[in-house]
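Me: Please take a close look at one sheet in this model and the elements around it. I would like the pairing, the geometry and any side-chain contact with a ring, with the criteria stated.

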Amino acid sequence: MRGGHRVRTAVAALWILAIAAPLGGCGEAVETSQQPNILLIVVDDLGYTDLGAFGGEIRTPHLDALAYAGKRLTNFHAGPSCAPTRAMLMTGTDNHLAGMGSQSGLETPRQQESRLYQNKLLHDVPTLPEALNRLGYQSVAAAKWHLGDDDALPSNRGFKRSYVLMPGGAGHFDDTPLFESYGVADWREDGKPATLPAEFYSTDLLTDKLLEYIDEVSDDQPFFAYLGYTAPHWPLQAPPASIARYEDQYRNGWEMLHAARMEGARREGVIDAAAQGVRYEQGVVPWLDLNVEAQARATRAMQVYAAMIDRVDEAVGRVLTHLENIDRRRNTVIFFMSDNGAEAHQMDQYRSNPTWIPANFDTSLEAMGSADSYVVLGPSWARATAAPFRESKGRLSEGGIRVPAFVNMGGINAGIDDAYMRVMDLAPTLIELAGGDVSASMMGRSLLSRWRGGPEPYDAEEVIAAETYGRRMARRGDWKILWQEPPLGNGDWQLYNLARDVGEQEDLSDEFPALRAELIAAWEAYADEVGVVLPETPIRY
């Protein structure tokens, strides 16, 4: 038997759902006592309403079929950016305790003095693949890593095979770095520098590598496969055929798209029927204020963004077909999520980009989306993808942390679940699903009982808190306090009731001062518990 000695853990019989075909509905359910395979799909900077099953117009039939046959999670929260989310995902605990108090390059001198802000997975914090390996799984990854080098490499943290992009992003067709100072994109295979194909596209490459690694797993051994796409992270690039599908779309601008996404999300039931769109966000300008050339460039950026998501869906379809062909689909649980909200930052204006981009890339309209281009989405389209939620990636407002997510597995009723859940819950959930005991180091809670119809994982009186880049939040039930520096906030705590104001527009601090004070005290207790070190200067991200 390939894969070495196998540890078997008795597990309760699971109903594992099968999809009859990539574009079809659900097929026959199969009762099995085997440990299920686990496929974890994470996409990069996807907006809440980008999938068809969440109200969008982008062509995502394979993901939609999985979502409709499974459980759509409409109150699922990630971290506000790439690395903190991935740290919580891989460890099941708060990002500070995992060693990712900030994100590489964004920590301040004061924060650098703390071991919790070294921005790499701490060697003494257990990981999800390590736990699953002890239960007999073979763990493989084809993904963006962004969790550190050396002892933090995936090959040293439980993944037997891994093909990963080390930093936060890169060109999608070649080794172009995200920023000039990075030199070249750092790809690794099993911890060593990878030799990139002469021609590739990141989404296709990661899919190919994951399928290769799955095929190496013995037929009688379950696998944990982490498929972490780098799309639709900037720079926005996509194959010409994918872009061509959207050449007639998005010409009416972001206000029209926002209205359509609101309508679509209501129709899909993934937002409340009474939810209203955010009235104003920094950087969003009226479409009609743009001249013809600016409108054309903005239209093209959104077309490329949509094409990247389209290509991800095609790739997921390839994975499903392959699992069917090797007879492993029916015993595979699939979880899908975005790592944060859409990217609104004008990243073409960061660091040396204002000079590096025009000197090294083709900035013409015709080249946008090609390997020679460097394109970003911007705040106006990002706002449209967030629909009713405020702001986007990097923020602790709902638009930055409430993300599209769904689970597809047997033993659950298809539908929508609006219970609060968060990314650190996934590790304990998957460990329980595999038949294991959850580590005491994990702050997250197993969602398995909830997915099977049990009670909500968090009591309405519990306080949940977070901090990233000096921005802070705490919530209890529908009540949420939020602290963000100007111009994102007012530099003080603001109080919102998400049940009636999911867009966080009406500050109720003056009406409920005692509640506000209670939540502030709860956040301070959280900060002490996880070792928050607030930045001495505002973080420009």
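Reply: Start with one residue pair: R475 has K480 of β17 as its bridge partner. The model is predicted, so local features need pLDDT of at least 70 and side-chain atom pairs pLDDT 80 or more, while totals for chains, interfaces and linings use all residues. Residues are numbered from 1 along each chain as its sequence is written, and side-chain values use heavy atoms, without hydrogens or water.

β16 (residues 471–476) and β17 (residues 479–483) run antiparallel and are joined by five bridges. Two strands count as paired if DSSP finds at least two bridges between them; strands (E, at least two residues) and helices (H or I, at least four) are DSSP runs numbered from the N terminus.

The open sheet has four strands, ordered β15-β16-β17-β18, with antiparallel pairing. β15 (463–468) and β18 (493–497) are the edges; each has a single partner strand, so one side of each lacks a neighbour in the sheet. From one strand to the next, the twist averages 15 degrees.

Helix α15 (residues 513–530) lies across β15, β16, β17 and β18, at about 60 degrees to β15. Contact means heavy atoms within 4.5 Å; axes are lines fitted to C-alpha atoms, for helices over the stretch in contact, and angles between N-to-C directions run from 0 to 180 degrees.

For side chains, R472 lies over the face of W483, 3.7 Å from the ring centre. The criterion is NZ of Lys or CZ of Arg within 6 Å of the ring centre and within 35 degrees of the ring normal.
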